Amino acid sequence: MKEAQEDDLFALEARYCSYGDTVHYTKNPKLFTACEGSYVFDASITPFLDLNMQNAAASLGYKHPRLIATLKNQLDVLPQLASQFLHKEKILLAKGLCEQAERAFGRFGRVHFNVGGAQAIEDALKLIRRNTENPLMFAFMGGYHGRTLGATAITSSYRYREGLGPFPYRALFIPYPYCFRCYYEKKAEDCGLYCVRMFEKLFESEYYGAYNPKTGRSEFAAFFGEPLQGTGGYIVPPKDYFPELARILKTHGVLFVDDEVQMGFMRTGRLFAMEHFGASPDIVTFSKALTGGLNPLSGLWADEALIGPERFGPGSTHSTFSSNTLGTVLGLEVLKIFEENPAFGDQVLKKGRKFLDGLKTITRPYKMVGNVDGLGLALRLEICQEDGFTPNYPMTQRLFDEGLEAKLEANGKRYGLVLAVGGYFKNVITLIPSLLIEDSEIDLALTLFEQLFKACEMR
Ligand SMILES: Cc1ncc(COP(=O)(O)O)c(C=O)c1O
């Protein structure tokens with residue numbers, strides 16, 4: 001594609017495409033023409049090392065040969081089918097996911113498929129209402145569950161609701177254990193999990209607005225939480241937080257929903273990120289990496305007591321493209337790839353440690369990097385002012401924009417860097433590399449980061 005053609009496309013986009021999606025978050029939207037492994041390429045075939053990977057969907061790298069072959073084969077065999085009919089892959093994928101949930105959480109259940117992450121959240125909300133006849137939810141400050149109206153009501157950021165209300169069933173938002181920037185201004189070393197204690201306090205008196213100790217009933221039906229916050233800035237909670245939260249919820253009859261849409265399928269080195277913390281959810285939502293990002297598919301797993309046919313009967317919910325044949329065959333192949341290599345999770349953890357150690361080393365001279373943390377290949381760099389704490393949004397955006405300028409260099413070759421910006425103050429670079437990233441590509445990422453920091457005059 002020639003330069004002129006690209007300019008024409010930008011002009012057409014400005015005229016014909018809605019600006020309502022996230023493309024125009026940046027001043028200079030980028031157009032890509034190809035992808036492979038850990039890279040996307042622009043029209044001049046410049047490689048951009050991608051540390052966002054289709055917002056965590058392309059977790060096995062772009063154009064994974066086995067996934068592409070699986071997709072091509074399904075295109076020849078059964079490329080489409082109305083979702084009221086059965087096909088083998090749907091059944092086998094549901095079985096595989098239920099077996100994984102049983103292994104991880106020791107519970108029997110069923111799977112219900114849909115297309116996108118927010119739709120899986122909608123289905124979870126419906127399932128909870130069907131069981132409890134209660135639309136009120138708890139959720140975390142800094143959580144993200146999607147942009148449909150129901151998902152927006154349980155996503156804390158008011159920006160997503162502003163001008164779209166009313167949201168009568170807006171969740172009650174509870175501080176997430178974000179220890180670097182604790183809502184209660186405590187220190188993780190000696191806080192004794194103060195935040196979860198404060199949550200438990202809600203159940204002490206009817207006057208705290210969530211529970212009636214006399215009847216033992218909570219005003220809230222369920223708690224929606226991500227195991228590590230994704231859009232909130234790849235925040236890793238303390239190890240003993242979720243078991244405590246799950247215990248409090250169970251004691252007070254509140255269901256626990258584990259939203260694994262972003263962290264699921266090995267991002268943290270375990271199939272479900274909640275496995276790191278040993279808490280057992282009643283419902284798990286998933287999407288993105290289930291199909292390696294090649295075809296939309298989402299779903300939820302729920303305990304049999306909630307989702308058995310007597311409670312969630314035929315037609316309880318439906319979407320035309322749910323359990324689509326291309327998505328389910330890809331999901332099965334992704335699970336097979338993990339099952340064939342029992343060390344897959346540990347390999348992700350090892351690569352994550354190498355990446356994290358490297359990031360800690362190269363950022364040491366920069367006071368502006370206030371926090372470097374991560375679990376598996378879910379990593380974070382929190383960009384601050386000179387004091388190492390006050391959020392620095394302009395610098396974070398500058399790092400993002402400079403990465404896309406593709407003026408970085410390694411081994412005599414020009415590179416770009418695709419980054420993602422997240423966090424409560426939009427001052428966190430969230431690193432979401434391919435789970436199959438090579439050690440040499442981690443080294444390349446570190447080299448490019450060093451140049452990027454210098455180019456942006458970070459100190
Ligand atoms: C944790 C979580 N839940 C739900 C969603 C919504 O998924 P989708 O964008 O596919 O609607 C996302 C998307 O980023 C997410 O990270």
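**Entry 1: strand S11 and its partners**

I looked first at how S11 meets S12 in this predicted model, and I found four bridges joining the two strands, which run antiparallel. One residue pair I noted here is Phe286, which stands opposite Gly299 in S12. Turning to S10, I found that S10 and S11 pair in the parallel sense over three bridges, and that Asp258 has Val284 in S11 as its bridge partner. I then checked the side chains of S11 (283-286): Ile283 and Thr285 point one way, Val284 and Phe286 point the other way, and all are buried.

**Entry 2: the sheet as a whole**

I traced the strand order next and read it as S4-S12-S11-S10-S9-S5-S6, an open sheet of seven strands with mixed pairing. Strand S4 (109-114) and strand S6 (172-174) stand at the edges, and because each has a single partner strand, one side of each is left without a neighbour in the sheet. From one strand to the next the twist averages 20°. Toward the S6 edge I looked up S5 (residues 137-140), which is joined to S6 by three bridges and runs parallel with S6; Ala139 stands opposite Phe173 in S6. Then I asked what lies across S4, S11 and S12, and I found helix H4 (residues 88-105), which runs at about 130° to S4.

**Entry 3: helix H8**

Which residues of helix H8 (residues 241-251) are buried? I listed Tyr241, Phe242, Leu245, Ala246 and Leu249. These residues are on the same side of H8, because they cover an arc of only 120° around the axis. The spacing fits a general rule: an α-helix has 3.6 residues a turn, so residues three or four places apart point the same way. When I looked for what covers the buried residues of H8, I found helix H7 (194-201), strand S9 (222-225) and strand S10 (255-259) among the elements that do so. I also noted that H8 is followed by Gly253, whose phi is positive, near 70°.

**Entry 4: around the ligand**

I counted 15 residues around the ligand, and of these Gly117, Ala118, Gly146, Val261 and Gln262 come nearest. Which helix gives the most to this shell? I found that helix H5 (residues 117-132) does, with three residues. Sorting the shell by residue character, I noted four nonpolar residues, nine polar and two charged.

Terms used: Residues numbered from 1 in each chain as written. Predicted model: local features only at pLDDT ≥ 70, side-chain atom pairs only at ≥ 80, totals over all residues. Buried ≥ 20, exposed ≤ 12 C-beta atoms within 10 Å, placed from the backbone. Arc of directions from axis to C-beta. Contact = placed C-beta atoms within 7 Å. Near = placed C-beta within 6 Å. Nonpolar A, V, L, I, M, F, W, Y, C, P; charged D, E, K, R; others polar. Pairing = 2+ DSSP bridges. Axes fitted to C-alpha atoms, helices over the stretch in contact; angles between N-to-C directions.
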